[in-house]
Amino acid sequence: MILDGKKIAAEIRGELRKQIEALRAEGKRAPKLAIVIVGNNPASETYVNNKLKACAEVGIEAVKIAYTADITEQTLLAEVHKLNDDPSIDGFIVQLPLPGHIRETTILSAIDYRKDVDGLTPANVGRTVQGLPSIVSATPRGIRELLARYNIQTEGKHVVVIGRSNIVGKPIAMLLMQRPYLSLPNMSAASLGDATVTICHSKTRDLAAICRTADIIIVAAGSPGLLTADMVKEGATIIDVGINRVDGKLVGDVDFENVSRVAAHITPVPGGVGPMTIVSLLQNTLQAYNEHSR
Ligand code: NDP
């Protein structure tokens, strides 16, 4: 079965639209997101435009704040502090990657965690690890939501995560191994967490053997065709996070054609995790609005 992220994301956008309409009907202002973009990386431009479009669709007010690539770290930090202090902004993100002369960790660490709707600040990550109320980063949140909406339980399951980045691999591993006390606002009730998680990376020995023991495999490596059918147990669930451009076509990290014959559930690329990531940003913005801004 295909795990249809595009369809689920559209459903969630419909739910968010209704929730925001209800707030407006009570006379409250719309939630407001700011997106800071530096330079003119075409992929970043596309992501930001998709995010702005998604905001408009659900009634979140969104502003784009664009800087040229030669901006200093100090000026960008000043913008972050300004947004932290602006009561009309519920949440904001700084689109990554940043130009090489700007330290991403310095910028991310300066964001007020209550407005950190990308869930990437050390404060939010730490809170997530400790099971405290937090804003979970968008891609892990989207994966968790997709599993929940298809009623794929994780309790006691062996989950193999390929990739150990701060934005995908580490946080999804953390979420799925948690005791399920970490419930997210606007999230389906399915019990997620309580999994036994193995995290793999480029130095992992015998990745194929480890994957063959997995009930759920989450691949976030950025390596097309990495996960092949011989690495997958019959009936496993496959979440393909990878986005790669091969011969002008978007593909994931999974050999979709062959793996889909063995797996019980699989996400396509495009149309799987990608749309879920964008809708998670909208959910995080509404969460920040509800928790801190009304
Ligand atoms: P990173 O490059 O930060 O991390 C990749 C990870 O995969 C690293 O930990 C790396 O290991 C590991 N890895 C790479 N090749 C192999 C291999 N052959 N075997 C085992 N492990 C390997 O990437 P991100 O986490 O930022 O992104 C991963 C992919 O997901 C990319 O294609 C990206 O475009 C996509 N993405 C998609 C999103 C979506 O919304 N769909 C959102 C975010 C990312 P090591 O640490 O040892 O180098």
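## Two domains and the spaces between them

The protein chain is divided into domain 1 (27-112) and domain 2 (137-274), and the model described here is a predicted one. The C-alpha centres of domain 1 and domain 2 are 28 Å apart.

### The largest pocket

About 1500 Å³ of space lies in the largest pocket. Its lining is made up of 48 residues, and those closest to the centre of the pocket are Tyr-47, Ile-243, Gly-274, Thr-277 and Ile-278. Two or more lining residues come from each of the elements α1 (5-25), α2 (42-58), α6 (138-149), β8 (244-246) and α10 (273-293); of the contributions to this lining, the largest share is that of α2, with nine residues. Sorted by class, the lining of the largest pocket holds 25 nonpolar, 15 polar and eight charged residues. Because domain 1 (27-112) and domain 2 (137-274) both give residues to this lining, the largest pocket lies between them.

### The second largest pocket

The second largest pocket has a volume of about 400 Å³. Here 21 residues form the lining, and the closest to the centre of the pocket are Leu-120, Thr-121, Val-125, Asn-166 and Ile-167. The elements that give two or more residues to the lining of the second largest pocket are the helices α4 (104-110), α5 (122-129) and α7 (169-177), and the largest share, five residues, is supplied by α5. By class, this lining has 11 nonpolar, eight polar and two charged residues. The second largest pocket, too, lies between domain 1 (27-112) and domain 2 (137-274), because both domains give residues to its lining.

### An enclosed cavity

The count of cavities of 30 Å³ or more comes to one, and the largest cavity has a volume of about 30 Å³. The residues that line the largest cavity are Phe-92, Ile-93, Val-94, Leu-108, Ile-111, Asp-116, Asp-118 and Leu-120. Strand β3 (residues 91-94) gives the largest share of this lining, three residues. In the lining of the largest cavity, six residues are nonpolar, none is polar and two are charged. Leu-120, named above among the residues closest to the centre of the second largest pocket, is also one of the residues that line the largest cavity.

The class make-up of the three linings is set out below.

| Space | Nonpolar | Polar | Charged |
|---|---|---|---|
| Largest pocket | 25 residues | 15 residues | eight residues |
| Second largest pocket | 11 residues | eight residues | two residues |
| Largest cavity | six residues | no residues | two residues |

### Cysteines and a buried threonine

A search of the whole structure finds zero disulfides. For Cys-200, the closest cysteine sulfur is that of Cys-211, at 5.8 Å, which is too far for a bond, since a disulfide requires the two sulfur atoms to be within 2.5 Å. Cys-200 counts as buried because its relative accessible area is 0%, and Cys-211 is likewise buried, at 0% relative accessibility.

Thr-154 is found in the loop between α6 and β4 (158-162). Thr-154 has a relative accessible area of 0% and is therefore buried, and its side chain reaches the backbone oxygen of Gly-193 at 2.7 Å.

Notes
Residues numbered from 1 in each chain as written. Predicted model: local features only at pLDDT ≥ 70, side-chain atom pairs only at ≥ 80, totals over all residues. Heavy atoms only, no water. Domains from an automatic or database assignment. 1 Å grid on protein atoms, 1.4 Å probe; cavity = no way out; pocket = protein on both sides within 12 Å on 5 of 7 lines; lining within 4 Å. Points joined across faces, edges and corners; volume = space filled by probe spheres on them. Helix = DSSP H or I, 4+ residues; strand = E, 2+ residues; numbered from the N terminus. Nonpolar A, V, L, I, M, F, W, Y, C, P; charged D, E, K, R; others polar. Buried < 20%, exposed > 50% of the residue type's maximum accessible area, 1.4 Å probe, protein only. Polar contact = N/O pair within 3.5 Å; in protein donor to acceptor, adjacent residues only side chain to side chain.
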